Amino acid sequence: MPRVQDLLSGDNRWLRLASHVLKWLAVLAACYLGGVAATNLAPTVAETSQYRAVLRLDPIPRHTPVLHSPTIIGDVDVAFDSPILAPGLDVQVAVREEITNLFTRPNVDIRSLQPSPDELSGAITDAAVGVGVRFLLGAAAIAVLLALASHYVRQRTTRRHHLAFVASAMVVATVGTFGGIALTYQPSRFAEYRTSGVLGVVQRNAGLLADVEARAAQVTPYFRNLLAVTQALQQKYVQGSVNEPVSTRILLVSDIHGANQYALMRTIIAEEDIDAVIDSGDLINFGRVQEAEAAGIFRSIESLGVPYVFVSGNHDQSSATDRALVARLGRIRNVVLLENAEGALRELSFHGLTITGFNDPRWFGDDNEDPTGKEKPAVDRYNATMADQLEPDLVVAHEPYATQGIDKGRILVNGHMHTPKLDGNRLQVGTFTGGGVVSHYSEGQGQELNGQPYAFDVLAFGDACELNALTRYTFRNLLEGRPAYDRVEVISGARIDTYQPDRSTSQPGDTTTPKRTCGRVEETTLRTLPAPAPQDQSPTSTPGGGTATPAAPTPSTSTVSVPPRLIP
């Protein structure tokens with residue numbers, strides 16, 4: 001019979017072996033995590049001529065790893081069946097800036113945006129090499145640190161088998177990881193394709209976003225009927241000044257965000273007898289003119305047939321000094337810029353009303369912190385410019401933080417918040433396009449595309465320049481072709497505007513200033529406002545020993561070319 005001592009010594013050998021295996025597995029896990037960490041701290045970048053991908057490894061290996069690609073409009077997940085454990089891949093794909101050059105070309109074919117097979121092969125090879133090198137360096141760094149730790153713990157008596165112990169774990173971690181990747185991410189191993197957000201909605205509703213402008217045109221009969229019913233109800237049930245003679249009707253829109261729904265705007269202009277459109281900014285999403293060119297927005301604005309008064313928003317420039325969009329709009333014959341690309345503030349006189357405003361100093365990609373503080377320099381400059389001017393009838397800016405600081409103005413107009421609001425004499429305009437094609441949509445119950453409400457306002461002024469009424473429209477589901485209106489509000493202008501018109505009748509021989517009138521016969525002019533004198537400007541001496549302050553620049557006045565009205 002074996003002795004007890006022999007049995008105990010055998011058990012000790014097994015215990016020592018188990019201890020060594022556990023230590024080796026711990027080193028293996030440490031080297032693996034070190035390699036994965038390196039791919040995340042220094043991600044691999046692979047590029048084709050139009051696209052750029054950033055690759056990182058997911059730290060948790062699975063038998064069904066996922067290639068995950070997040071985007072601003074939803075996530076793409078491609079699952080694979082792996083014969084062994086393999087890590088997932090996180091791939092962030094972006095459009096390279098150079099692709100904007102293609103958007104400016106006519107008749108762009110989607111095939112021209114697709115990378116060639118050679119480009120794809122090269123990008124995949126670069127990605128594999130990049131991820132492999134980073135993983136190997138990360139795993140090696142952990143292995144070296146563990147070897148040094150073992151060396152000093154054992155009082156500098158490191159033996160070869162200790163180094164082999166650590167090195168073998170590093171090699172197995174590296175070979176196992178990339179063997180699993182090579183065996184897994186193959187077309188034959190494909191298991192499932194999943195999308196979320198707007199991408200999922202589009203996948204289930206093919207062609208939903210194929211032609212936004214055409215879809216807007218398709219719902220024109222709906223809006224024609226809605227507007228007709230609204231007008232009839234107003235005439236029958238709404239009493240007071242809202243139904244008095246109207247001299248000017250102005251359509252207020254905001255936050256187009258790159259969605260070409262001007263076919264709908266043309267219908268509103270025709271059915272509501274609109275004289276001018278005021279857009280309070282965020283015409284595009286990413287501050288690039290090419291985005292508006294590709295969507296056909298400039299062509300559509302020109303087709304409206306009425307003046308299009310504009311101030312830029314925080315999405316309409318890509319940097320603090322970028323004025324490319326404003327400059328491009330300035331070349332359209334019916335666009336009126338209240339602040340041009342050179343930074344000059346201007347006053348529009350239209351049908352007897354005066355309209356001023358200023359561009360948003362913020363831009364797409366700023367840190368989005370302290371918006372009130374960032375608006376203040378533009379607000380202060382505007383207030384200083386208007387200090388010696390008559391009070392304008394309408395003042396337009398993009399953000400509420402700007403209009404809230406304006407010193408002088410009968411009616412203040414802003415957008416930015418994508419929600420209609422009325423605060424005293426400040427009109428906050430909702431988003432005309434529900435926030436744009438994709439940026440502000442989310443997936444709701446029943447897999448519908450539920451976005452923010454579409455909204456626009458109509459201002460009606462009387463012949464004595466008073467505000468008769470504000471009519472607010474909100475509706476939903478335009479892109480789905482099943483529009484449903486939320487509500488129509490008609491608000492008496494007396495609740496908003498404290499202006500008291502002069503309705504006195506002039507007597508024969510009266511030489512006093514005639515009462516103010518507004519109407520379509522009034523001349524349309526655009527005046528550049530004089531820049532305020534610098535605050536530190538000191539008086540200059542005069543020949544008589546007195547002092548004089550240098551004169552401000554003389555404002556220029558020009559006649560705006562107003563295109564013919566749109567014929568329904």
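## Cys-465 and its disulfide partner

In this predicted model, Cys-465 has a relative accessible area of 0%. Cys-465 is therefore buried, as the cut-off for that class is under 20%. Its disulfide partner, Cys-518, has a relative accessibility of 7%, so Cys-518 counts as buried too.

The sulfur atoms of Cys-465 and Cys-518 lie 1.9 Å apart, and a pair of cysteine sulfur atoms within 2.5 Å is taken as a disulfide. By this rule, the structure has 1 disulfide.

## Position and handedness of the disulfide

The pair joins distant parts of the chain, with the two positions 53 residues apart in numbering. Cys-465 belongs to the loop that runs between strands β19 (454–462) and β20 (467–476). Cys-518 is placed in the loop between β21 (484–492) and β22 (525–528).

The torsion about the S-S bond of Cys-465 and Cys-518 is about 100 degrees, and the disulfide is therefore right-handed.

## Cys-31

A further cysteine, Cys-31, is also buried, because its relative accessible area is 0%.

## Arg-328 in helix α11

Arg-328 is located in helix α11, which covers residues 324–329. The relative accessibility of Arg-328 is 17%, so this arginine counts as buried.

When residues up to four places away in sequence are set aside, Arg-328 is in contact with Val-289, Glu-293 and Phe-298.

Methods:
Residues numbered from 1 in each chain as written. Predicted model: local features only at pLDDT ≥ 70, side-chain atom pairs only at ≥ 80, totals over all residues. Heavy atoms only, no water. Helix = DSSP H or I, 4+ residues; strand = E, 2+ residues; numbered from the N terminus. Buried < 20%, exposed > 50% of the residue type's maximum accessible area, 1.4 Å probe, protein only. Contact = heavy atoms within 4.5 Å.
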